[in-house]
Amino acid sequence: MLVVLERDTEQVGLQAAKIVAGAIRRNSSLRLGLATGSTMIGVYRELVRRHREEGLDFSRVVTFNLDEYLGVASTHPQSFHHFMQEHLFAGVNIPRANIHIPDGTLTGNYDAYCEQYEQAIRDAGGIDLQLLGIGRNGHIGFNEPMSSLGSRTRMKELSAETIADNRKSFAPGEEMPQCAITMGIGTILETRRILLLATGAAKADAIAKSIEGPVAASVTASALQLHRDVTFIIDEEAGSLLTHKPYYAHVLKMTRSLMPERLS
Ligand code: GLP
(Lines give C-alpha, C1' and ligand atoms only; values in the text may rest on other atoms or scores of the structure.)
Protein backbone atom coordinates (compact mmCIF):
# COMPACT_ATOMS: atom_id res chain seq x y z
CA MET A 1 0.00 0.00 0.00
CA LEU A 2 1.24 3.44 -0.92
CA VAL A 3 -0.15 6.56 0.78
CA VAL A 4 0.58 9.82 -1.04
CA LEU A 5 -0.23 12.90 1.03
CA GLU A 6 -0.66 15.99 -1.13
CA ARG A 7 -1.10 19.62 -0.12
CA ASP A 8 -4.58 20.18 -1.52
CA THR A 9 -7.33 19.05 -3.88
CA GLU A 10 -5.55 20.41 -6.93
CA GLN A 11 -2.37 18.44 -6.23
CA VAL A 12 -4.41 15.26 -5.63
CA GLY A 13 -6.00 15.65 -9.08
CA LEU A 14 -2.68 16.39 -10.79
CA GLN A 15 -0.89 13.45 -9.17
CA ALA A 16 -3.68 11.00 -10.03
CA ALA A 17 -3.86 12.26 -13.63
CA LYS A 18 -0.09 11.90 -13.94
CA ILE A 19 -0.31 8.22 -12.98
CA VAL A 20 -3.26 7.58 -15.32
CA ALA A 21 -1.51 9.37 -18.21
CA GLY A 22 1.67 7.38 -17.59
CA ALA A 23 -0.33 4.14 -17.62
CA ILE A 24 -1.94 5.10 -20.95
CA ARG A 25 1.44 5.99 -22.45
CA ARG A 26 2.86 2.63 -21.38
CA ASN A 27 -0.23 0.74 -22.61
CA SER A 28 -2.32 2.52 -25.26
CA SER A 29 -5.07 -0.12 -24.83
CA LEU A 30 -5.34 0.46 -21.08
CA ARG A 31 -8.53 -0.86 -19.50
CA LEU A 32 -9.39 1.96 -17.18
CA GLY A 33 -11.93 1.84 -14.37
CA LEU A 34 -13.57 5.22 -13.75
CA ALA A 35 -15.35 6.87 -10.85
CA THR A 36 -17.60 9.89 -10.51
CA GLY A 37 -17.98 12.48 -7.76
CA SER A 38 -16.51 15.92 -7.20
CA THR A 39 -13.13 14.47 -6.21
CA MET A 40 -12.65 13.20 -9.77
CA ILE A 41 -13.27 16.52 -11.53
CA GLY A 42 -9.66 17.74 -11.23
CA VAL A 43 -8.30 14.41 -12.48
CA TYR A 44 -10.46 14.49 -15.59
CA ARG A 45 -9.73 18.19 -16.20
CA GLU A 46 -6.00 17.41 -16.22
CA LEU A 47 -6.45 14.35 -18.48
CA VAL A 48 -8.40 16.51 -20.96
CA ARG A 49 -5.62 19.12 -20.83
CA ARG A 50 -2.99 16.45 -21.46
CA HIS A 51 -5.02 15.15 -24.41
CA ARG A 52 -5.35 18.65 -25.95
CA GLU A 53 -1.88 19.96 -25.22
CA GLU A 54 0.28 16.84 -25.13
CA GLY A 55 -1.64 14.52 -27.45
CA LEU A 56 -2.47 11.93 -24.77
CA ASP A 57 -4.28 9.37 -26.91
CA PHE A 58 -7.50 7.73 -25.69
CA SER A 59 -8.40 6.13 -29.03
CA ARG A 60 -7.65 2.61 -27.80
CA VAL A 61 -8.43 3.07 -24.10
CA VAL A 62 -11.39 1.03 -22.86
CA THR A 63 -13.32 2.32 -19.84
CA PHE A 64 -15.63 0.78 -17.26
CA ASN A 65 -17.46 3.03 -14.81
CA LEU A 66 -18.07 1.82 -11.30
CA ASP A 67 -21.69 2.70 -10.92
CA GLU A 68 -24.84 4.53 -11.97
CA TYR A 69 -28.02 5.63 -10.24
CA LEU A 70 -31.01 3.45 -10.96
CA GLY A 71 -34.08 5.16 -12.40
CA VAL A 72 -32.05 7.97 -13.94
CA ALA A 73 -31.79 8.44 -17.72
CA SER A 74 -28.34 8.96 -19.23
CA THR A 75 -29.42 12.46 -20.24
CA HIS A 76 -30.32 13.44 -16.67
CA PRO A 77 -27.83 16.11 -15.52
CA GLN A 78 -27.05 14.17 -12.33
CA SER A 79 -26.57 10.83 -14.04
CA PHE A 80 -23.05 9.46 -14.00
CA HIS A 81 -23.35 9.10 -17.80
CA HIS A 82 -23.81 12.86 -17.99
CA PHE A 83 -21.00 13.51 -15.51
CA MET A 84 -18.55 11.41 -17.51
CA GLN A 85 -19.55 13.00 -20.80
CA GLU A 86 -19.17 16.50 -19.38
CA HIS A 87 -15.93 16.03 -17.46
CA LEU A 88 -13.99 13.52 -19.58
CA PHE A 89 -15.44 11.87 -22.65
CA ALA A 90 -16.41 15.04 -24.53
CA GLY A 91 -12.86 16.34 -24.10
CA VAL A 92 -10.85 13.32 -25.29
CA ASN A 93 -10.79 11.05 -28.35
CA ILE A 94 -12.30 7.93 -26.83
CA PRO A 95 -14.60 6.00 -29.21
CA ARG A 96 -18.17 5.55 -27.91
CA ALA A 97 -17.85 1.77 -28.32
CA ASN A 98 -15.00 1.69 -25.78
CA ILE A 99 -17.10 3.23 -23.00
CA HIS A 100 -19.01 1.09 -20.49
CA ILE A 101 -21.27 2.58 -17.81
CA PRO A 102 -24.00 0.63 -16.02
CA ASP A 103 -27.47 1.35 -17.44
CA GLY A 104 -29.55 3.36 -14.98
CA THR A 105 -32.77 2.88 -16.93
CA LEU A 106 -33.16 -0.83 -16.21
CA THR A 107 -36.49 -1.82 -14.76
CA GLY A 108 -35.94 -5.49 -14.08
CA ASN A 109 -33.67 -8.47 -14.65
CA TYR A 110 -30.87 -6.69 -12.81
CA ASP A 111 -28.95 -9.91 -12.13
CA ALA A 112 -28.70 -10.85 -15.81
CA TYR A 113 -27.63 -7.32 -16.74
CA CYS A 114 -25.02 -7.18 -13.96
CA GLU A 115 -23.62 -10.54 -15.01
CA GLN A 116 -23.27 -9.13 -18.56
CA TYR A 117 -21.37 -6.14 -17.15
CA GLU A 118 -19.00 -8.48 -15.32
CA GLN A 119 -18.63 -10.53 -18.51
CA ALA A 120 -17.76 -7.40 -20.51
CA ILE A 121 -14.98 -6.65 -18.00
CA ARG A 122 -13.69 -10.22 -18.30
CA ASP A 123 -13.95 -10.14 -22.12
CA ALA A 124 -11.86 -6.96 -22.17
CA GLY A 125 -9.19 -8.80 -20.16
CA GLY A 126 -9.94 -7.23 -16.76
CA ILE A 127 -9.36 -3.70 -15.50
CA ASP A 128 -5.73 -2.53 -15.42
CA LEU A 129 -6.18 0.63 -13.38
CA GLN A 130 -9.19 1.58 -11.27
CA LEU A 131 -9.92 5.07 -9.98
CA LEU A 132 -11.95 5.28 -6.77
CA GLY A 133 -13.39 8.04 -4.63
CA ILE A 134 -14.78 7.34 -1.18
CA GLY A 135 -18.01 8.19 0.59
CA ARG A 136 -18.08 9.71 4.08
CA ASN A 137 -19.23 6.33 5.34
CA GLY A 138 -16.26 4.61 3.68
CA HIS A 139 -18.14 3.32 0.64
CA ILE A 140 -16.42 2.70 -2.70
CA GLY A 141 -18.59 2.68 -5.79
CA PHE A 142 -21.97 2.37 -4.12
CA ASN A 143 -20.88 -0.47 -1.85
CA GLU A 144 -22.52 0.83 1.27
CA PRO A 145 -21.59 -0.30 4.80
CA MET A 146 -22.34 -3.99 5.35
CA SER A 147 -21.95 -4.86 1.67
CA SER A 148 -20.42 -8.28 1.25
CA LEU A 149 -16.68 -7.97 0.74
CA GLY A 150 -16.99 -10.62 -1.98
CA SER A 151 -19.84 -8.81 -3.78
CA ARG A 152 -20.04 -8.53 -7.57
CA THR A 153 -21.78 -6.00 -9.82
CA ARG A 154 -25.36 -5.76 -8.60
CA MET A 155 -28.30 -3.55 -7.71
CA LYS A 156 -27.69 -1.89 -4.35
CA GLU A 157 -29.89 0.20 -2.05
CA LEU A 158 -28.30 3.52 -1.08
CA SER A 159 -27.87 4.40 2.59
CA ALA A 160 -29.65 7.39 4.10
CA GLU A 161 -26.25 9.07 4.57
CA THR A 162 -25.33 8.70 0.91
CA ILE A 163 -28.72 9.95 -0.23
CA ALA A 164 -28.32 12.98 2.04
CA ASP A 165 -24.74 13.62 0.82
CA ASN A 166 -25.63 13.36 -2.85
CA ARG A 167 -28.85 15.34 -2.57
CA LYS A 168 -26.84 18.56 -2.97
CA SER A 169 -26.35 17.81 -6.66
CA PHE A 170 -30.06 17.30 -7.34
CA ALA A 171 -32.60 20.08 -7.77
CA PRO A 172 -34.43 21.15 -4.58
CA GLY A 173 -37.46 18.92 -4.09
CA GLU A 174 -36.38 16.51 -6.82
CA GLU A 175 -36.82 12.87 -5.93
CA MET A 176 -33.45 11.22 -5.24
CA PRO A 177 -32.60 7.79 -6.59
CA GLN A 178 -32.77 5.18 -3.82
CA CYS A 179 -30.77 2.49 -5.61
CA ALA A 180 -27.84 2.09 -7.96
CA ILE A 181 -26.05 -0.48 -10.08
CA THR A 182 -22.50 -0.80 -8.76
CA MET A 183 -19.47 -2.97 -9.27
CA GLY A 184 -18.99 -5.09 -6.15
CA ILE A 185 -16.08 -5.14 -3.74
CA GLY A 186 -15.03 -8.48 -5.22
CA THR A 187 -15.09 -6.92 -8.71
CA ILE A 188 -12.98 -3.98 -7.54
CA LEU A 189 -10.47 -6.23 -5.76
CA GLU A 190 -9.81 -8.05 -9.07
CA THR A 191 -8.57 -4.90 -10.79
CA ARG A 192 -4.80 -4.83 -11.24
CA ARG A 193 -4.06 -1.46 -9.73
CA ILE A 194 -6.20 0.90 -7.66
CA LEU A 195 -5.91 4.65 -7.05
CA LEU A 196 -8.22 5.90 -4.31
CA LEU A 197 -8.55 9.68 -4.04
CA ALA A 198 -9.93 11.69 -1.14
CA THR A 199 -9.93 15.35 -0.22
CA GLY A 200 -11.33 17.42 2.63
CA ALA A 201 -11.88 16.94 6.35
CA ALA A 202 -15.25 15.22 5.83
CA LYS A 203 -13.36 12.18 4.48
CA ALA A 204 -10.73 12.02 7.26
CA ASP A 205 -12.55 9.46 9.41
CA ALA A 206 -13.32 7.18 6.44
CA ILE A 207 -9.71 7.41 5.25
CA ALA A 208 -8.22 6.60 8.67
CA LYS A 209 -10.54 3.60 9.05
CA SER A 210 -9.86 2.39 5.49
CA ILE A 211 -6.08 2.55 5.77
CA GLU A 212 -5.43 1.82 9.43
CA GLY A 213 -8.60 0.21 10.74
CA PRO A 214 -9.51 -3.45 10.62
CA VAL A 215 -10.84 -4.89 7.35
CA ALA A 216 -14.57 -4.69 7.93
CA ALA A 217 -17.77 -4.61 5.92
CA SER A 218 -18.79 -1.57 7.99
CA VAL A 219 -16.17 0.45 6.06
CA THR A 220 -16.06 -1.19 2.66
CA ALA A 221 -12.95 0.71 1.49
CA SER A 222 -10.99 -1.13 4.21
CA ALA A 223 -11.21 -4.20 1.94
CA LEU A 224 -8.59 -2.46 -0.22
CA GLN A 225 -6.03 -3.53 2.41
CA LEU A 226 -6.39 -6.97 0.81
CA HIS A 227 -5.39 -5.65 -2.63
CA ARG A 228 -1.81 -6.08 -3.76
CA ASP A 229 -1.42 -2.70 -5.46
CA VAL A 230 -3.40 0.18 -4.00
CA THR A 231 -2.32 3.81 -3.83
CA PHE A 232 -4.24 6.32 -1.70
CA ILE A 233 -3.78 9.88 -2.97
CA ILE A 234 -5.21 12.23 -0.37
CA ASP A 235 -4.86 15.81 0.75
CA GLU A 236 -3.73 16.92 4.20
CA GLU A 237 -7.27 17.36 5.49
CA ALA A 238 -8.39 13.89 4.40
CA GLY A 239 -5.23 12.44 5.97
CA SER A 240 -5.52 14.39 9.21
CA LEU A 241 -6.60 11.40 11.36
CA LEU A 242 -3.89 9.00 10.13
CA THR A 243 -1.45 7.94 12.83
CA HIS A 244 1.44 6.52 10.75
CA LYS A 245 2.25 9.54 8.56
CA PRO A 246 6.06 9.42 9.02
CA TYR A 247 6.07 5.82 7.81
CA TYR A 248 3.94 6.64 4.74
CA ALA A 249 6.32 9.52 3.95
CA HIS A 250 9.29 7.17 4.23
CA VAL A 251 7.71 4.57 1.92
CA LEU A 252 6.83 7.33 -0.54
CA LYS A 253 10.38 8.67 -0.54
CA MET A 254 11.82 5.20 -1.17
CA THR A 255 9.27 4.58 -3.94
CA ARG A 256 10.12 7.90 -5.62
CA SER A 257 13.80 7.02 -5.64
CA LEU A 258 13.65 3.29 -6.43
CA MET A 259 10.45 2.95 -8.53
CA PRO A 260 9.66 6.42 -9.92
CA GLU A 261 7.38 4.92 -12.57
CA ARG A 262 4.88 4.08 -9.77
CA LEU A 263 4.11 7.80 -9.51
CA SER A 264 4.29 8.88 -13.14
C1 GLP B 1 -20.73 8.71 -4.87
C2 GLP B 1 -20.05 7.70 -5.78
C3 GLP B 1 -18.70 7.29 -5.22
C4 GLP B 1 -17.91 8.53 -4.83
C5 GLP B 1 -18.64 9.31 -3.79
C6 GLP B 1 -17.87 10.51 -3.26
O7 GLP B 1 -21.34 8.12 -3.79
N8 GLP B 1 -20.82 6.52 -5.98
O9 GLP B 1 -18.02 6.52 -6.19
O10 GLP B 1 -16.65 8.12 -4.34
O11 GLP B 1 -19.85 9.73 -4.38
O12 GLP B 1 -18.14 11.66 -4.01
P13 GLP B 1 -17.38 13.03 -3.84
O14 GLP B 1 -16.08 12.87 -4.59
O15 GLP B 1 -18.27 14.02 -4.50
O16 GLP B 1 -17.18 13.25 -2.40
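Q: What makes the approach of Asp67 to the ligand a polar contact?
A: The label needs a pair of N or O atoms within 3.5 Å (inside protein, one must also be able to donate a hydrogen and the other to accept it, and residues adjacent in sequence count only if both atoms are side-chain atoms). A ligand nitrogen sits 2.8 Å from an N or O atom in the Asp67 side chain, so the pair qualifies. Keep in mind that this is a predicted model, where local features need pLDDT of at least 70, side-chain atom pairs count only at pLDDT 80 or more, and totals for chains, interfaces and linings use all residues. Residues are numbered from 1 along each chain as its sequence is written, and side-chain values use heavy atoms, with hydrogens and water left out.

Q: Which atoms of His139 and Gly141 come within polar contact of the ligand?
A: For His139, a side-chain N or O atom is 2.9 Å from a ligand oxygen. Gly141 uses a backbone N or O atom, 3.1 Å from a ligand nitrogen.

Q: How do you know which residues surround the ligand?
A: A residue counts as near if one of its heavy atoms lies within 4 Å. The residues around the ligand include Thr36, Ser38, Asp67, His139, Phe142, Asn166 and Lys203.

Q: Why is Asn166 called buried or exposed?
A: Buried means under 20% relative accessible area, exposed over 50%, partly exposed in between (1.4 Å probe, protein chains only). Asn166 has 18%, so it's buried. Leaving aside neighbours within four places in sequence, Asn166 is in contact (heavy atoms within 4.5 Å) with Tyr69, Phe142 and Met176.

Q: How do you know whether the span of helix 8 agrees with its number of residues?
A: Helices are DSSP runs of H or I with at least four residues, and strands are runs of E with at least two, numbered from the N terminus. The expected span is 1.5 Å times one less than the number of residues. Helix 8 (residues 245–258) has 14 residues, so it should span 20 Å, and its end C-alpha atoms are 20 Å apart, which agrees.

Q: Which residues of helix 8 are buried, and what do they pack against?
A: Tyr248, Leu252 and Thr255 are the buried ones, and they pack against strand 1 (2–6) and helix 7 (204–212).

Q: What makes strand 6 a partner of strand 9?
A: Pairing takes at least two DSSP bridges. Strand 6 and strand 9 (residues 193–198) have four, in the parallel sense, so they pair. Gln130 stands opposite Ile194 there.
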